[in-house]
Amino acid sequence: MNKSIGNNLPRIKVQNQFSIKEIIYKSGPISRVEVAERLGLTLPTITTSVSNMIHKGLFKEVELSPEVKTLGRRAMLVDIDEGYGCFLGIEIRGSFRHAVIVDMKGGVKESLSDFTPFSEYEDVVENASSLFFSLLGKAGMKKEDIKAVGLTIPGIVDREKNCLVIHPGYRWADKALSDDFRSLTGYEGEIHVENNTIARAYAMSLFSKDEISDVDSLAYMYVSTGIACPLLSSIGSRFGEVTGDGEVGHMVMNPEGPMCVCGNRGCLESYSSEKSIIDRAEHLSSSSDILSSIRKEKGSLNIEDIVDAAQKGDEVSDSLIRNAIKYLALAIANINNFVRPECIAVECALFSKEEYRDLLLSTVQDNLYRIVNPKNRFIFLPKDELRGAKGAAAIAIMHSLEEYIQ
């Protein structure tokens, strides 16, 4: 998010207030003194701003733990008040939509999903709008109770205009997603649009801060129908700054490789995406008793079927997964050699099995630049269908904190 707002005094005041919110959100409960030290601002400046935001309900005071020994009057710490407001996030995909309402700290108050498959943009947006009303009804809330809405979608997003530039999978292009959603819902608050994987990375920065409290950069590898890996920097005490769009799925791994949906050959997606694995498994299912039985029963395969088959000893499934992991590991090693993130989070259905996690890590290690030994932390994220919707809500929260409180 671009927070470069110039040098005139009113804008510096706005920037200072946002920085205070950011540090307290990421590091709270925290003392006013520590906030002042981190920002290089005077204690009276911090005290005045914090007191105003306590009065407005954004912050709350928290008593220092009795376990901490102190002389004299016990200091009061400051933290974000999770009850300040509710935010609604929707992950919009052709094959599903997930929606959540969360509090200020990302606690899920209510959720709802729809798995009706659509191929047309207008249908998915209309469905997302219906989900919006259904979720409000389920939560017993009105539109006015939602401080801001976040929408996430795969592809390239113009976050300044809140529109979809292109979704390669469906060839949706130049779609005014925020405006279209507003016209269908009549929602009058702020609506923000972000790429679904970038939003996931921001959600980890906001809602899983304890897990990554000692790192300052995060690469978020998300493997689904496509593959993306955005990089967030400056997450130690801030929300982070995203670098690029993270479209590593179209990193060319072999120029003589299979044709990708983008028109190039040998892209990472054509080897390691869920779609490519499923397509190969269905093509080879006649060579596997387990896969052919699943296809006969269900009519088609999904990625969980293939992982389950491999765990039951199916050699076809195991070989497909190992090949996909090989190329995924090569891509991660290349990313590592180039930008050296301190932490790499991996969200991928293949790694429910520890053996496959070990294979990924060993293959990454075998392909690193050996002169420098990077000390990466890998985090394998468990399955969470609501992760993208929580990311959308995180985007809405971040933008709401940018608003100046008088």
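This passage describes the overall dimensions of a predicted protein model and the layout of one of its sheets.

The protein contains 13 helices and 16 strands. Its radius of gyration is 23 Å, close to the 22 Å that the globule rule gives for 406 residues, so the protein is as compact as a globular protein of that length. Along the principal axes, the C-alpha atoms fill a box of roughly 75 × 55 × 40 Å. Of the 406 residues, 49% are buried. The accessible surface comes to about 18,700 Å². Carbon and sulfur atoms contribute 49% of that surface. Among contacts with a separation of 6 or more, 61% join residues 24 or more positions apart.

Five strands form an open sheet with mixed pairing. The strand order is β5-β4-β3-β6-β10. Strands β5 (108-114) and β10 (190-195) are the edges, each pairing on one side only. From one strand to the next, the twist averages 15°. Strands of a sheet pair through backbone hydrogen bonds, in either a parallel or an antiparallel sense. Here, β4 (residues 97-102) pairs with β5 in the antiparallel sense, over 6 bridges. One residue pair can be named: His98 has Ser113, in β5, as its bridge partner.

Two helices lie across part of this sheet. Helix α5 (residues 177-185) crosses β3 (86-92), β6 (146-153) and β10. Its direction is at about 135° to β10. Helix α6 (residues 196-207) also lies across β3, β6 and β10. The angle between α6 and β10 is about 105°.

Note on methods:
Residues are numbered from 1 along each chain as its sequence is written. This is a predicted model: local features need pLDDT of at least 70, side-chain atom pairs count only at pLDDT 80 or more; totals for chains, interfaces and linings use all residues. Side-chain values use heavy atoms; hydrogens and water are left out. Two strands pair if DSSP finds at least two bridges between them. Helices (H or I, at least four residues) and strands (E, at least two) are DSSP runs, numbered from the N terminus. Axes are lines fitted to C-alpha atoms, for helices over the stretch in contact, and angles run from 0 to 180 degrees between N-to-C directions. Contact means heavy atoms within 4.5 Å. The radius of gyration is taken over C-alpha atoms; the globule rule is 2.2 Å times the number of residues to the power 0.38. Buried means under 20% relative accessible area, exposed over 50%, partly exposed in between (1.4 Å probe, protein chains only). Accessible areas come from the Shrake-Rupley method with a 1.4 Å probe; for residues, only the protein chains shown count as cover.
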